[in-house]
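Student: I would like a close look at one part of this model, with the steps laid out in order. Please keep to what can be read from the structure.

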Amino acid sequence: MDEKLESKGKVCVTGASGYLASCLIKQLLLSGYHVIGTVRDLGNQKKLAHLWKLEGATERLRLVEADLTKECSFDEAILGCHGVFHSASPVMEKPSSDPKALMLLFCVMHIQREILEPAIEGTLNVLRSCKKNPSLRRVVFTSSSSTLRVKPDEDFASSLKLDESSWSSVEYCQRLQLWYPLSKVLAEKAAGDFCKENGIDLVTVIPAWVIGPSLSPDLSHTALRVLSLLKGDTVWYGRMGYVHIDDVALCHVLVYEHESAHGRYLCSSTVLDNDELASLLSMRYPSLPIAKSLKQVSRPYYEFDTSKLQSLGFKFKTIQEMFDDCIDSLLEQGHLSGL
Ligand SMILES: NC(=O)c1ccc[n+]([C@@H]2O[C@H](COP(=O)([O-])OP(=O)(O)OC[C@H]3O[C@@H](n4cnc5c(N)ncnc54)[C@H](OP(=O)(O)O)[C@@H]3O)[C@@H](O)[C@H]2O)c1
């Protein structure tokens, strides 16, 4: 390894085997960092195999066990790191058909234990470990665009262009039982308060819906939803922002390295309605059974203003590149075979 690569230092990435974190680790290794990745189960070789295939992994990747629900669990992984990328969080939504799962999900204790606590208390656990680490330079927290666009229709009236100053409504998320956005809003706010009180330099990346290749053939919740869309599912989310997974990873590295980066950074390339997405995909990939129209979901019109990130010199990949790369990877892994 050359001198320049050697000087990059040591960083920790939480939830290392996840869809986004794996891509971030690939980028960090390529940039020359030493990476400590946290996983819940070191014994699960199948879930970790793709990480060991990354360029530089043998020399500069170490995996450590840590769980968001256990106090002090991240101490070992974080001690001595200059940067911490906190990406681990439960990513799930309301199941629509399975009545047993639905009953379980609506059980308050289940929501608290499986979604809200790991996201909120888990973030604080990670930050408490950061506080104990004298080498720490910056924490980069992965939030979600659902922290700024989930609110009553009337709240969109004043501005159709949402930027980092916008926040989703906690009360609205609770009323509509939108647990994932609620968990992300509360976790991001808790992180902000903790870092302010404890003098920790925190920068937040706010990705839209992430599209692109999955390094692991074991698909994440989001990648599985995209796969079902490509296989003809007509249920989709309504107006939403989309961003290439490589861009989200690069954005994390950029805001970590850019000395003057601060606060929140919205990371979204293109905002589309369901019908725009369906017509784009069905025309571009005629060999796939993609529905020509998707069930309509009533969401207010809005655009995303990403000028803050672009002012750091950031350029987004297009929606076509996102799906081209995603479909290539799904084909390669055999997920689209037999169609
Ligand atoms: N995918 C998107 O479109 C999208 C968009 C915006 C923001 N984000 C954010 O990006 C981050 C990564 O999401 P992703 O799509 O990559 O999801 P993912 O593949 O499901 O990754 C989530 C990771 O969090 C870990 N995790 C969950 N509960 C945990 C716990 N109790 N203790 C330790 N680790 C735990 C998971 O570990 P296991 O592998 O052991 O389950 C997994 O590695 C999340 O913060 C998510 O909110 C994602």
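Which element supplies the largest share of the shell around the ligand?

Tutor: Helix H2 does, with three residues. Before going further, note that this is a predicted model. The average pLDDT of the protein is 94, and 94% of the residues score at least 70. Residues 1-5 are a stretch where the pLDDT is below 50, and in the model this stretch makes three contacts beyond near neighbours in sequence.

Now the ligand. It is surrounded by 26 residues, and the closest are Gly15, Gly18, Tyr19, Leu20 and Ser220. H2 covers residues 19-31, and Tyr19 and Leu20 are among the closest residues to the ligand. At least two residues of the shell come from each of four elements: H2, helix H7 (108-131), strand S8 (209-211) and helix H11 (221-230). Sorted by class, the shell holds 12 polar, 11 nonpolar and three charged residues.

H2 also packs against another helix. Two packed helices are described by the angle between their axes and the distance between the axes. For H2 and helix H12, which spans residues 245-257, the axes come within 9 Å and cross at roughly 55 degrees. An angle of that kind is neither under 35 degrees nor in the range 65 to 115, so H2 and H12 are oblique to each other. The crossing of H2 past H12 is right-handed. On the H2 side the contact is made by Leu20, Cys23, Leu24, Gln27, Leu28 and Ser31; on the H12 side, by Ile245, Asp246, Val248, Ala249, Leu250, His252 and Val253. Leu20 is thus named twice, in this contact and among the closest residues to the ligand. Of the residues in the contact of H2 with H12, nine are nonpolar, three polar and one charged.

H7, another contributor to the shell, can be treated in the same way. Its axis and that of helix H10 (residues 179-198) come within 9 Å and cross at roughly 20 degrees. Angles under 35 degrees count as roughly parallel, so H7 is roughly parallel to H10. H7 passes H10 in a right-handed crossing. From H7 the contact includes Ile111, Ile115, Leu116 and Lys131, and from H10 it includes Trp179, Tyr180, Phe194 and Asn198. By class, the contact of H7 with H10 has 15 nonpolar, three polar and two charged residues.

How values were computed
Residues numbered from 1 in each chain as written. Predicted model: local features only at pLDDT ≥ 70, side-chain atom pairs only at ≥ 80, totals over all residues. Near = placed C-beta within 6 Å. Nonpolar A, V, L, I, M, F, W, Y, C, P; charged D, E, K, R; others polar. pLDDT = per-residue confidence, 0-100. Contact = placed C-beta atoms within 7 Å. Axes fitted to C-alpha atoms, helices over the stretch in contact; angles between N-to-C directions. Parallel < 35°, antiparallel > 145°, perpendicular 65-115°, else oblique. Left-handed = near helix turned anticlockwise from the far one by under 90°.
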